[in-house]
Amino acid sequence: MIKTLVFDLYGTLFDINSVQGKCEKLFPGNGEKIAKAWRHKLIEYTHVRQLVDQYKPFSKVIKDALEYVLDRNEFDYSLKDIHECMEAYDRLTVFPEVSQTLNEMTRVDKVIFSNGNREMIEKVLAHSNLENSFKYILSLEEFAMYKPNSNAYMLLEEKVECEKNEVLFVSSNKWDIVGAQKFGFQTAWINRNFSEFEYIEVEPDYEFQSIYGVKDLL
């Protein structure tokens, strides 16, 4: 029986690609290129920092990744441009089915579990009127680590006081699903891009194209 739904935030409930609009406005003709490279570099930076135990708040890693992409591609930019791009993370577009689906999941506890700073999480949830949709909001900033560190999922289990077999961990990020699956949670991979789950010896328990599919498991 599933008693707790744990949701990743970025890419699962909110569309990371929605920063592309702001990037395009500031750097015409390059919005898509910048947004994709920015996301890729952000993930790389968090993984490397976790490996060498050099934690930085997620917002600062986002800024570092953006500045690298702009510098590497020799774009002219100002501090105001950086600030506007960073603000786009507080106004990400929520995926179309999310609000209604969360409202219909009334029989289980719902939890946000994210690498994001708590302030960032609260801002983006408030922007889409989702701040009251979750019983717990857990930011790994509190523990100075990032997913998919195995200790992160252990801290989640301790914080929400749940049994592993009663948790469904929901994420669009493959590396996040791997971390949760290896820890022992049930997992649901939100495969919005119809890609392959190519990790060896690990696969999600469930796969859906949106979080709407999770409802059928409850």
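Let's start with strands β4 and β5. β4 covers residues 109–114, and β5 covers residues 136–139. The two run parallel, and four bridges join them. For one residue pair to look at, take I112, which stands opposite I137 in β5. Keep in mind that this is a predicted model.

How do we get from β4 to β5? Helix α6, residues 118–127, belongs to the connection: β4, α6 and β5 make a right-handed β-α-β unit. The helix lies across both strands, β4 and β5. Its direction makes about 135° with β5.

Now zoom out to the sheet. How many strands does it have, and in what order? It is an open sheet of six, ordered β5-β4-β1-β6-β7-β8, with parallel pairing. Which strands stand at the edges? β5 and β8, where β8 is residues 206–208. Each has a single partner strand, so one side of each is left without a neighbour in the sheet. From one strand to the next, the twist averages 20°. A general reminder on pairing: strands of a sheet pair through backbone hydrogen bonds, either parallel or antiparallel.

Next, β1. In the sheet order, β1 sits between β4 and β6. With β4, the pairing is parallel, over four bridges. Here V6 has V111 of β4 as its bridge partner. With β6, the pairing is again parallel and again over four bridges. On that side, F7 partners V170 in β6. Are the faces of β1 covered or open? Both are covered. T4 and V6 are buried on one side, and L5 and F7 are buried on the other.

Move on along the sheet. β6 pairs with β7, residues 186–190, in the parallel sense over four bridges. In this pair, L168 stands opposite Q186 of β7. Helix α8 packs on the sheet here, touching β6 and β7. The direction of α8 makes about 170° with that of β7.

Back to β5 for one residue, S139. S139 is in strand β5. Is S139 buried or exposed? Buried, with a relative accessible area of 6%. A polar atom of the S139 side chain lies 2.5 Å from the backbone oxygen of G116. What else does S139 touch? Leaving aside residues up to four places away in sequence, the contacts are S114, G116, N117, R118 and I121.

Now helix α7, residues 150–160. Which of its residues are buried? A152, Y153, L155, L156, E157 and V160. The cover over these buried residues includes strands β1, β4, β5 and β6, along with helix α8. For orientation, β1 is 4–7, β6 is 167–171 and α8 is 174–183.

Look at both ends of α7. At the start, a side-chain oxygen of N149 comes to within 2.8 Å of the backbone nitrogen of N151. Just after the helix comes E161, with a positive phi of about 50°.

That brings us to the backbone. In general, most residues other than glycine have a negative phi, and most peptide bonds are trans. Where does this model depart from that? E161 has a positive phi although it is not a glycine. E161 is in the loop between α7 and β6. With a relative accessible area of 73%, E161 is exposed. N129 also has a positive phi, near 60°, and is likewise a residue other than glycine. N129 is found in the loop between α6 and β5. At 65% relative accessibility, N129 is exposed.

Then there is a cis peptide bond. Which residues does it join? It runs from K147 to P148, with omega near 15°. P148 lies in the loop between β5 and α7.

Last topic: cysteines. How many disulfides turn up in the whole structure? Zero. Take C23. Why is C23 not bonded to C85? The C85 sulfur is the closest cysteine sulfur to that of C23, but it is 4.4 Å away, too far for a bond. The cut-off is 2.5 Å between sulfur atoms. C23 is buried, at 0% relative accessibility. C162 is buried too, with a relative accessible area of 9%.

To recap the walk. We began at the parallel pair β4 and β5. We then followed the six-stranded open sheet. We ended with a search that finds zero disulfides.

Notes: Residues are numbered from 1 along each chain as its sequence is written. This is a predicted model: local features need pLDDT of at least 70, side-chain atom pairs count only at pLDDT 80 or more; totals for chains, interfaces and linings use all residues. Side-chain values use heavy atoms; hydrogens and water are left out. Two strands pair if DSSP finds at least two bridges between them. A crossover is right-handed if, with the strands pointing away from the viewer, the path from the first strand over the helix to the second runs clockwise. Buried means under 20% relative accessible area, exposed over 50%, partly exposed in between (1.4 Å probe, protein chains only). Contact means heavy atoms within 4.5 Å. A polar contact is a pair of N or O atoms within 3.5 Å; within protein, one must be able to donate a hydrogen and the other to accept it, and residues adjacent in sequence count only if both atoms are side-chain atoms. Axes are lines fitted to C-alpha atoms, for helices over the stretch in contact, and angles run from 0 to 180 degrees between N-to-C directions.
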